[in-house]
Amino acid sequence: MDFYGFYTGQEFEAYKYLGAHPAKAGTAFRTFAPKASKISVIGDFSQWQELEMKRIYDGNFWEAVIPEAQPGMRYKFRIYRADGTFLDHCDPYGFSAELRPGTASVIAAPCHVFGDRKWMRGRRDSSQRPVNIYELHFGSWRKKGDGETDWYSYGELGPILIPWLKENGYNYVELMPLGEYPHDGSWGYQATGFFAPTSRYGTPEQLQEFVDLCHQNGIGVLLDFVPVHFAVNDYALWNYDGTALYEYPSQDVGRNQWGSCNFMHSRGEVRSFLQSAAFYWLSEYHFDGLRMDAVNNLIYWQGQPDRGVCQPGVRFLQNMNAGLKKRIPDAMLIAEDSSAFPGVTRPADQDGLGFDYKWDMGWMNDTLNYFRTEPSRRPDHSGLLTFSMAYFYNERYLLPFSHDESVHGKATILQKMWGDYEGKFPQARALYLYMAAHPGKKLNFMGNEFGQLREWDEAREQDWNLLSYPKHSSFLLFMRELNKLYLCQPAFYEEDYGDGGFLWVRPSGGPECVFAFERRSQKQRLLFCFCFGDKAPEPVSLNLEAEENSRLSLLLDTEWQRFGGSHPETRLEIPMKKGRVLLSPAPFSGQCYLIC
């Protein structure tokens, strides 16, 4: 390990030195704890009796090589404070952990032989490619039984999940945090193990196998990564060497709105820890990218703009993202950021933060607020739909309907639609066509694809019984065909971030709430027409740039009967006269036309 780089926050492979590393001579245990007065290793190999570690290098690192220690055995570091008291801690760089409520680390050397060479060689910049992400909580998509811990393992879920993703038109899956965590209800966002896949679902090798299997089936895998804060549990990072080693000593900035400890990003050792964790998941597990949680709290002190920019957090992001891109150029780095801070997706060497994409939280909130609004009042709120394109080209945006929009009393996406049960489905179909057509990559949370009505609960699987009801099975069919249309029609995605990829045709909406716009690629043009009102409007005349004999070919109508609508399926061919066309959209509907 580059010790100078470790101290100055430039190290990305600290995990290769620190932690527990099995070898022929035994397992080498190393940890960083400058203020500890003494450290011992305890574990299965010593019947939990103390085996003393020695100070090495500059006295801030500790080491012990134990011949009896073998993979699969549990261990902890017994760390003595200056006053002679001690606490037993799990290993900050531990590669595996025992199942909660146990808190020990487990000696592991993940060694799966990947068979995804073709996929890894084919990875490249995705800005001009379709990105349709299915966000998943591993333990509650499906379960083996009704018990809270009847989880499928990493190895068991893959063969069930992958056909579902392929059948329904998703080419990426994003896994909510998998770093070990003590409380199920934190969903992984309050972590104790930043290098250890949670043992709830199996072993590190099984997670590697899961990613490998996804890649061999053409599915990219993203991981939710939490670089802002960590769990307060005293056996983990909190006061690791008897002092605030990873966290701020001041409570004013040391604790956040979630009640957890903020990382002190001004410390080089902390930056090296987090950068190494990020690189570890990308390199050792072949994850295709990381979704960085709560970036707003790295940009601003405590996530509050009025407290000013947090320069250590900004510099950390710039250095981490630049370093990851240098090492793995095709990794996808995504910011969950609700701020208006400029340059989030600008390269770090151009004074940006270096992300590939930023969640468009403004689009998400505005769009859902529009669909919550009573139709008679929607003409006064057209700006909720049109404002996103006024700022869209400032960043490379990704459009998210994530888990956060299906919990805490917010209602699921389908439930958010105005009106009664029957009336929610046509609006949701129109909403999702609008989402697919809007520039930006896509993310949808599990259950949304078949119209989940109950808010998400991590202790229960999705309500798959809903698929026995025609409304929901028809909605799933619509989502499936929409997703596959998105994947195969280049105008949906090739010019997401190019100036010529989007063109308003009818931006005002008017009293009928009728909107129309074009999406363009180099070889294709698509027209989208929507009516978000509840009354049939008069025929709408649209002017398009088109040759004399051009026509519109209908590719998808949200109101086709097989989707639960009222229109018989027909592949309409509508002629244009000098680029002028007359359309008659139905209430709560959307249509996609190929301009040919």
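**Charged and aromatic side-chain contacts**

Lys16 and Glu13 join their side chains in a salt bridge, with 2.8 Å from N to O. The structure here is a predicted model, and this pair makes a handy starting point. Both partners can be placed by how much of their area is open: Lys16 is partly exposed at 48% relative accessibility, and Glu13 is partly exposed too, at 28%.

Asp224 and Arg291 also meet through their side chains, in a salt bridge of 2.8 Å, N to O. Asp224 belongs to strand β12 (residues 220-225) and Arg291 to strand β15 (residues 289-292), so this salt bridge ties together parts of the sequence that are 67 residues apart. Asp224 has a relative accessible area of 2% and is buried. Arg291, at 0% relative accessibility, counts as buried as well. Then there is the salt bridge between the side chains of Glu518 and Arg525, again 2.8 Å from N to O. Glu518 is buried, its relative accessible area being 1%. Elsewhere, salt bridges with shared partners link Arg100, Glu180, Asp184 and Arg200 into one network. Over the whole structure, the search turns up 34 salt bridges.

Now for the rings. The count of aromatic pairs comes to 79. One of them brings together Tyr93 and Phe273, edge-to-face, with 5.2 Å centre to centre and 90° between the planes. This pair links distant parts of the chain, 180 residues apart: Tyr93 sits in the loop between β8 (86-89) and β9 (105-106), while Phe273 is in helix α6 (residues 268-284). Tyr93 is buried, with 3% relative accessible area, and Phe273 is buried with 0%.

Phe517 and Phe530 make another aromatic pair; their ring centres lie 5.9 Å apart and their planes are at 35°, so the pair counts as tilted. Phe517 is part of strand β21 (residues 514-520) and Phe530 of strand β22 (residues 525-531), so the two rings tie together parts that are 13 residues apart in sequence. As for burial, Phe517 has a relative accessible area of 2% and is buried, and Phe530 counts as buried at 0% relative accessibility.

Finally, charges and rings come together in some places. Arg30 has its charged end over the ring of Tyr17, at 4.6 Å from the ring centre. In the case of Lys38, the charged end sits over the ring of Tyr80, 4.5 Å from the centre of that ring.

Conventions
Residues numbered from 1 in each chain as written. Predicted model: local features only at pLDDT ≥ 70, side-chain atom pairs only at ≥ 80, totals over all residues. Heavy atoms only, no water. Salt bridge = Lys/Arg side-chain N within 4 Å of Asp/Glu carboxyl O. Buried < 20%, exposed > 50% of the residue type's maximum accessible area, 1.4 Å probe, protein only. Helix = DSSP H or I, 4+ residues; strand = E, 2+ residues; numbered from the N terminus. Phe/Tyr/Trp six-rings, centres within 6.5 Å; stacked < 30°, edge-to-face > 60°. Lys NZ or Arg CZ within 6 Å of the ring centre and 35° of its normal.
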